[in-house]
Amino acid sequence: MKAKCLEIAYLVRVEKANLNAAGTEGNVTLLKKVRDVNGKEYVYVSGVAVKYWIKEMLKGEPGCQLSPILSKKETNPKTGEQEDQITSVGDPEKYIDDDLFGYLLPNANKKRIAPVKTNGLISLFPYEGDINIGVRYDPKGREHSLWDMEITNTVFRGNWLIELDRIGKFTQEEIGENKELNSVEKEKRIKNFLKAFFNLFGGAKQSNFLTSTEPRVVCLVFLDKKKPVIFDRLRINSEFTLDEDALLQSIKLHKDDVKEFYLGFDSTLVKLPEKIEEKIKKELENKTVEIKELYQIKEKILSDQFRIF
């Protein structure tokens with residue numbers, strides 16, 4: 001196994017979007033927002049929503065079976081118990097999403113804490129109050145239906161933390177026995193997740209507010225300790241230049257725990273400071289460091305030659 005943990009920090013550029021609404025006030029569909037200490041509001045997309053996008057991307061992938069969702073009072077085919085809440089089947093041996101994202105089966109006293117964790121997405125720049133004004137016209141009169149929607153044009157940051165040493169490995173508490181999948185199956189599962197991540201597409205309102213949600217900057221860090229080291233330090237300014245000082249600071253603080261470092265960037269969006277690769281390699285002396293165009297990093301990570309298990 002390459003490392004105990006993989007941290008992924010990434011940036012997504014969206015245009016005129018409402019990817020994850022917070023409900024409505026009157027006739028206005030609201031964006032999900034959080035207020036920072038500076039008093040400004042920042043748009044976010046929930047971790048639940050982003051995990052749903054990943055699951056949708058996994059559908060149809062060869063060898064990927066997703067866990068059926070059970071309704072309340074439905075009998076679980078794995079445990080034989082009647083479920084009191086909406087849940088998945090809870091069979092991580094068979095279903096990739098039960099393995100990666102965990103489950104809770106109270107009646108069977110079984111649970112799996114997700115080895116793949118996320119904070120969803122949060123905007124790097126504050127919400128400026130943009131609203132789309134919409135009208136549904138009444139063809140037979142003047143009772144037109146007015147509707148408004150908060151939208152945003154921004155860059156989001158997202159994060160994943162993957163406990164690699166728990167992928168495909170199950171305990172008594174989780175399935176009733178200790179069991180581990182072979183390395184080939186574990187490799188297939190993590191590669192399918194990464195493929196879905198690199199090609200990520202999802203979000204609400206896409207029928208009329210189509211936008212891309214695929215990563216445009218990706219930082220992958222293989223670690224010996226299970227903790228985020230980059231997290232919010234992957235960011236850009238309003239000129240779309242990567243924040244060199246923040247990234248270097250995170251590396252200096254945690255360089256002893258870093259095993260391999262990869263940074264892929266879309267040069268049509270982001271500008272890198274001069275000699276940033278040289279500076280990172282200096283901090284991570286004798287460790288693997290690659291900073292390349294995003295398509296090159298994507299090809300490398302998803303290739304059969306790049307092994308994680």
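The following conversation walks a newcomer through the sheets, helices, cores and salt bridges of one structure.

Visitor: What kind of model is this, and from which number are the residues counted?
Guide: This is a predicted model, in which local features need pLDDT of at least 70 and side-chain atom pairs count only at pLDDT 80 or more, while totals for chains, interfaces and linings use all residues. Side-chain values use heavy atoms, with hydrogens and water left out, and residues are numbered along each chain, as its sequence is written, from 1.

Visitor: In what order do the strands of the 8-stranded open sheet stand?
Guide: Helices (H or I, at least four residues) and strands (E, at least two) are DSSP runs, numbered from the N terminus, and two strands pair if DSSP finds at least two bridges between them. The pairing in this sheet is mixed. β4 and β18 stand at the edges with a single partner strand each, so one side of each is left without a neighbour in the sheet. The order is β4-β5-β10-β13-β1-β16-β17-β18.

Visitor: Which residue in the turn between β4 and β5 has a positive phi?
Guide: β4 and β5 pair in the antiparallel sense over 3 bridges, with valine 34 standing opposite tyrosine 42 in β5. The two strands form a hairpin with 5 residues between them, and the positive phi in the turn is about 85 degrees. The residue in question lies in the loop between β4 (33-35) and β5 (41-45), and its name is glycine 39.

Visitor: Which residue in β13 is the bridge partner of cysteine 5?
Guide: Strand β1 (residues 5-17) and strand β13 (residues 152-163) run antiparallel and are paired over 11 bridges. Within this pairing, the bridge partner of cysteine 5 is glutamate 163.

Visitor: What angle does the direction of α4 make with that of β1?
Guide: α4 packs on the sheet and touches β1, β10, β13 and β16, where contact means heavy atoms within 4.5 Å. Axes are lines fitted to C-alpha atoms, for helices over the stretch in contact, and angles run from 0 to 180 degrees between N-to-C directions. For α4 and β1 the angle is about 25 degrees.

Visitor: Which strands stand at the edges of the 4-stranded sheet?
Guide: Four strands form an open sheet of mixed pairing in the order β2-β3-β12-β11. A strand at the edge has a single partner strand, so one of its sides is left without a neighbour in the sheet, and this holds for β2 (21-25) and β11 (131-136).

Visitor: Which residues of the largest nonpolar core touch the most other members?
Guide: A nonpolar core is a set of buried Ala, Val, Leu, Ile, Met, Phe, Trp, Tyr and Cys residues joined through side-chain atoms within 4.5 Å. Buried means under 20% relative accessible area, exposed over 50%, and partly exposed in between, with a 1.4 Å probe and protein chains only. Of the 45 residues in this core, those that touch the most other members are Ile8, Tyr10, Ile54, Trp160, Ile162, Phe193 and Leu220.

Visitor: How many residues does the second core hold?
Guide: This core is separate, and its members include Leu11, Leu223, Ile236 and Leu242. The number of residues in this second core is 29.

Visitor: Why do the buried residues of α7 line one face of the helix?
Guide: In helix α7 (residues 294-302), Leu294, Ile297 and Ile301 are buried, while the face turned away from them carries the exposed residues Tyr295 and Glu299. The arc is that of the directions from the helix axis to the C-beta atoms. Seen down the axis of α7, the buried residues line one face because they fall within an arc of 65 degrees.

Visitor: How far apart in sequence are the parts tied together by lysine 195 and glutamate 61?
Guide: A salt bridge is a side-chain nitrogen of Lys or Arg within 4 Å of a carboxyl oxygen of Asp or Glu, and the side chains of lysine 195 and glutamate 61 meet in one at 3.2 Å, N to O. Lysine 195 lies in helix α4 (residues 183-198) and glutamate 61 in the loop between α1 (47-58) and β6 (69-70), so the pair ties together parts whose separation in sequence is 134 residues.

Visitor: Are arginine 189 and glutamate 185 buried or exposed?
Guide: Arginine 189 forms a salt bridge with glutamate 185, the closest N and O atoms being 3.1 Å apart. The two residues are 4 residues apart in helix α4, and are therefore separated by about one helical turn. Both arginine 189 and glutamate 185 are buried.
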